[in-house]
Amino acid sequence: MNRLRHAVVRWESGLVLLIILVMVLGQWADGDLLSSFNLQTTALNSVVLLCLALGLAPVIMTSDIDLSVVGTLALVGVVIGDLTAHGTNTWLAIGIGLAISLVCGLINGLLVVLFDLPALAVTLGTMGAYTGVSFLILKGLAISTFPSVIVSMGSSNVTGTQIPFAVVLLIVFAAILSFILHGTVFGKSVFAIGGSRKAALFSGIAVNRVRITTFVISGLMAGIAGLLFLGNYQTAQAGMGASELLPAVTAVILGGVSAYGGTGTIPGVVLAAALLALLQSALGLHNFSGEGQTMAIGFLLIIAIGLPPLSQKYKDWKRRRSASPVTVANAVLSSSEEGK
Amino acid sequence: MKNQRSVIRAVAGIVLATASVLPVAIMGANSAGASGSVKVYMIPKFTGIAPFTQAAAGCKTEGAKLGLNCLYGGPTTGSAVDQVNFINNAVAAGDKGVLISNDDAATTNPALVRAEKHGVKVVTFDSDALPSGRTVYVEGTSTASIAQTELDMLGSQMKPAYTGNFIILSAQATDSNQVTWNKQVKADLKLMKYSKMKLVSIVNPPSDSAADATSSLQAALAANPTVTGIISPTTVGIAAAAQYLTTNKVCSKYVLTGLGDPNQMKPFMTSNCVHSFALWNFTQEGKVAACAMSAVLAGKLTGKTGQSFMCAGVKEVVLPGQTVSAGNAEVFTKANVGSAGF
Amino acid sequence: MSTVSSLTPAPASALKRVFGSGFFKRSDTSLLVLIVVVTAVAAATLGDFRTISNFSNLLNTVALIAIVAIGEAVTIIARQIDLSVGAILGICAYLVGETTHHISGPLGPVVGVAMSLALGGVLGLGNALLIDALKMPAIIATLATLSIYTGVQIFVNNGSQLYLTQVPKWLSGLRGATWFGISTFIWVAVICMLVVGFILRRTRFGRDVYALGSNPEAAIYLGVKVRLRTYQLFALCGAMAGLGGLLYVSQFGNVDATAGSGMNLTVIAAAVVGGVSLFGGSGNAYNAVLGALLLGEIQNILELTRISVFAEQTLQGVAIVVAVAVYAVVSRRLRRPVRREAMAVATMGAATPLAGATSEGGSHE
């Protein structure tokens with residue numbers, strides 16, 4: 001909890017500032033960024049992104065990576081769409097879809113952890129495999145009619161308000177995940193493993209079990225993302241959601257999760273996802289081309305990773321300049337506490 | 001040493017940060033336009049191929065005469081889901097009208113309906129949406145004439161004439177205009193004239209890229225050895241097919257025709273690999289779309305059969321199905337491909 | 001695997017070099033055998049497979065992939081990865097085609113080849129800059145550059161495309177031309193394989209690449225100029241992708257903004273299936289070629305037997321996972337003693353700036 005409070009003061013406040021900045025600038029430049037219509041559609045668009053990012057965060061925190069989330073998204077979406085199109089009971093179809101997402105995550109986990117294969121390689125392969133299976137199922141076709149349950153889950157508002165139901169659902173997920181990662185022993189293990197797998201092993205943490213669990217979580221969240229995608233866009237097509245991988249990874253890194261694992265917070269990821277969605281919306285309103293928006297996200301990712309080491313260097317430089325024995329001692333103590 | 005490294009890193013970071021702002025700023029802006037004019041937004045199936053760039057140009061020039069500021073933008077791949085985002089952005093930005101060539105009619109429908117509910121007028125062009133999502137559809141040329149022209153171009157070159165098996169090398173399976181045209185071809189085949197021609201397969205590559213079109217064609221030809229004819233109603237497909245036939249030196253074995261971009265097809269006509277293909281003027285289509293949008297915004301056009309409006313001196317009439325035809329298809333042969341004018 | 005052999009001076013005889021350590025010989029020969037078997041069976045059972053036109057199409061397509069895969073292999077050997085090769089190929093294809101359009105005479109091919117290599121190299125350096133200066137893990141850095149370069153590619157194409165009429169004759173004719181009866185594409189692929197193979201096996205650069213891949217921490221202690229090598233190997237990878245772009249123009253005639261998209265997984269799969277281990281530290285250029293050949297053949301067979309055209313991605317994905325698993329399992333038996341040593345070094349030593357690619361511990365900065 002201490003780490004949480006500590007981090008909230010630093011990285012996350014920067015994110016909040018950026019969000020406010022984008023809102024102000026965007027509203028001033030186009031005047032429609034904060035209209036309720038735009039906020040609603042932006043929020044709905046960000047739901048898929050946030051869902052993927054929430055699942056990715058624990059995996060990256062343990063210094064693994066999971067590229068296959070978009071493949072799982074596509075596969076689950078296609079399966080649910082195909083089943084409901086053939087008359088299967090909606091809830092059964094959803095259940096099957098989510099079960100498949102768990103299996104996808106489990107496969108990743110087993111291959112990476114038990115076989116000790118590099119996560120990058122495995123999830124690159126499973127990304128292709130899962131997406132490929134979605135192509136085999138649906139070929140080039142698209143499904144466009146869905147049961148109203150799914151549609152309302154993905155696109156309607158909570159009764160009586162202007163807030164989309166999916167956003168509320170995601171906030172609940174984020175809260176749960178936040179509690180798990182920041183308030184339980186499991187969560188502490190996640191960070192410990194990210195810090196140093198060997199040290200975690202020697203401390204008696206069930207490293208394998210924790211790592212497999214993070215992959216399963218990532219698979220499950222990807223499946224839920226697929227379901228919400230169906231409801232929001234009302235379309236199921238093989239390879240859907242493929243363009244969400246970069247934004248999802250960016251949201252996680254921008255949210256303060258170190259690319260090497262060991263640090264980060266869930267609130268940070270939520271803020272980062274919101275920032276990204278707002279930014280994309282502002283760029284879109286300002287008539288940025290599709291590729292311009294994607295490039296902007298690419299640059300943002302670079303800045304997000306490049307900034308912490310740079311800011312750390314700057315802080316060190318400042319401290320060294322005002323060096324008195326006490327300050328230096330403090331600096332040494334606080335830098336070891338910060339970790340990165 | 002360490003200081004050197006951190007200086008390099010700092011400089012690199014600053015360079016990257018600046019570099020990140022510049023291209024993004026250059027690349028994005030598309031919004032300049034006459035003040036006081038009504039903003040409308042044109043969304044192609046995907047950006048990057050000449051037909052849509054031409055349609056946008058037509059919309060801009062004709063629109064300017066009518067007081068419309070025709071903005072243009074769309075996804076980089078034929079993704080209907082991405083089109084939905086562009087539609088939503090246009091609505092949120094306060095644009096009064098949306099012109100769209102749909103990647104998938106069913107997918108864009110909810111967004112278009114929502115747009116209309118917000119008072120935004122929708123005119124489709126090139127590839128239609130579901131009727132509930134738009135007021136008027138501007139087609140490049142009528143489906144009936146496309147289908148007939150394709151079959152005539154193919155049949156007349158077959159040996160013996162109008163006899164043989166053929167495939168259609170199409171685009172993504174969800175493209176609504178492809179689906180409509182192919183359906184018409186299938187219906188026309190029942191006519192007496194084409195009774196000896198047989199459609200063996202409709203090939204849908206996974207994407208609109210040349211590489212996928214080529215490999216899909218290769219697979220289809222290998223799987224159907226009795227085929228002697230190929231109709232490709234997409235500019236990407238016919239160009240890829242012509243290239244494939246040329247490099248494999250089998251131009252004489254197949255009759256290739258369809259809808260093509262004259263600029264792309266010129267070398268293949270010179271080499272006699274392709275003898276004829278058709279297209280219509282996309283710039284003209286863009287102009288008619290702009291005129292239609294202007295009329296719809298003025299309340300003069302509601303899509304009822306028989307209504308009419310003027311466009312650049314020509315009277316356009318609304319046909320059944322809220323459809324307006326922008327012109328006629330032009331058949332290109334070696335003789336006139338150089339003077340296409342578009 | 002070849003951890004030991006990579007740190008010793010290259011053996012004198014070429015044969016010994018090719019059939020280096022025991023494991024190496026076994027995996028490559030078995031792959032060759034597999035390819036021969038698959039080809040034989042397919043030729044015997046599928047009439048369409050054994051036609052000359054099918055073979056020549058297959059080999060030309062494979063050649064293009066193989067060239068880019070050779071570059072990718074270099075990065076994988078160094079325990080890095082490059083996801084942006086497809087976009088680099090696309091940018092080079094358009095720009096080189098566009099530029100050589102204006103150059104006539106024998107200068108054309110020279111400029112074409114030189115420009116494609118140089119432009120690709122520069123774009124590759126962009127990747128290395130992010131990895132080195134900002135200490136980004138290769139996977140994330142190249143994910144970012146993939147989107148940026150794709151955007152540049154679209155911008156450069158400017159809503160249009162490069163038409164066949166604008167492509168100079170020497171380039172458009174390259175695809176169908178043959179030198180001594182063998183297609184030019186195959187010649188280029190073989191030359192690349194020999195040159196890069198030579199670079200990897202016989203130069204200091206090559207040895208350092210293997211050292212970096214086998215054991216990054218030890219490499220630093222051994223005096224390997226890590227930063228210089230990083231820039232060099234990504235430049236090499238980019239250059240190969242650029243050359244692939246030149247051949248792309250010849251193969252497809254038209255170059256639009258979709259050139260090279262979707263190639264990234266194919267190229268990585270080719271390298272990995274061919275024997276370049278994703279653990280780093282082993283493999284060579286011919287592995288990439290073998291892998292491209294095998295995958296290309298299987299893809300071709302799938303098409304001819306009318307199994308869905310959509311099976312391609314599944315095939316590549318599964319192939320990567322299987323290849324990684326197989327090589328891991330086999331190599332673990334040979335590697336165990338060395339790995340314990342490496343682990344000891346790792347717990348003592350400095351950082352591995354490559355998240356996700358290592359399987360030994362999660363030590364970090």
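In this predicted model, strand 5 of chain B (residues 136-139) pairs in the parallel sense with strand 13 of chain B (residues 323-325), and 3 bridges link the two. Within that pairing, B:Y137 stands opposite B:T323 of strand 13. Strand 5 of chain B also has a second partner, strand 4 of chain B (residues 121-125), to which it is joined by 3 bridges, again with the two strands running parallel; here the residue opposite B:Y137 is B:T124. The two pairings of strand 5 are set side by side below.

| Partner of strand 5, chain B | Residues | Sense | Bridges |
|---|---|---|---|
| Strand 4, chain B | 121-125 | parallel | 3 |
| Strand 13, chain B | 323-325 | parallel | 3 |

Are the faces of strand 5 of chain B covered or open? Both are covered, since B:V136 and B:V138 on one side are buried, as are B:Y137 and B:E139 on the other.

Elsewhere in chain B, helix 9 (residues 262-270) has as its buried residues B:P262, B:Q264, B:M265, B:P267, B:F268 and B:M269. Their cover includes helix 8 (235-247), strand 10 (277-279) and strand 14 (330-332), which also belong to chain B. After helix 9 of chain B comes B:N272, whose phi is positive, near 65 degrees.

Turning to contacts between chains, B:N89 lies in helix 3 of chain B (residues 80-92) and has a relative accessible area of 14%, so this residue counts as buried, the limit being under 20%. Once its neighbours within four places in sequence are left aside, B:N89 is in contact with A:N38, A:S281, A:G284 and A:L285. Within chain B, the C-alpha atom of B:N89 is separated by 22 Å from that of B:G67, with their positions 22 residues apart along the chain.

Between chain A and chain C, 46 residues of chain A are in contact with 48 residues of chain C, and the area buried between these two chains is about 4000 Å², with carbon and sulfur atoms giving 76% of that area. The number of salt bridges counted between chain A and chain C is 0.

Chains A and C also both contribute to a nonpolar surface patch of about 410 Å², made by A:L106, A:L110, A:L114, A:F115 and C:V329. Which element gives the largest share of this nonpolar patch? That element is helix 4 of chain A (residues 90-114), which supplies 3 residues. A:L110 is found in this helix, and its relative accessibility of 32% means that A:L110 counts as partly exposed.

How values were computed. Residues numbered from 1 in each chain as written. Chains lettered and ligands numbered in written order. Predicted model: local features only at pLDDT ≥ 70, side-chain atom pairs only at ≥ 80, totals over all residues. Heavy atoms only, no water. Patch = residues over 30% accessible without salt bridge, like charges linked within 9 Å, V, L, I, M, F, W, Y side chains within 5 Å. Areas by Shrake-Rupley, 256 points an atom, 1.4 Å probe, with all protein chains shown as cover. Salt bridge = Lys/Arg side-chain N within 4 Å of Asp/Glu carboxyl O. Helix = DSSP H or I, 4+ residues; strand = E, 2+ residues; numbered from the N terminus. Buried < 20%, exposed > 50% of the residue type's maximum accessible area, 1.4 Å probe, protein only. Pairing = 2+ DSSP bridges. Contact = heavy atoms within 4.5 Å. Buried area = accessible area lost by both parts, 1.4 Å probe.
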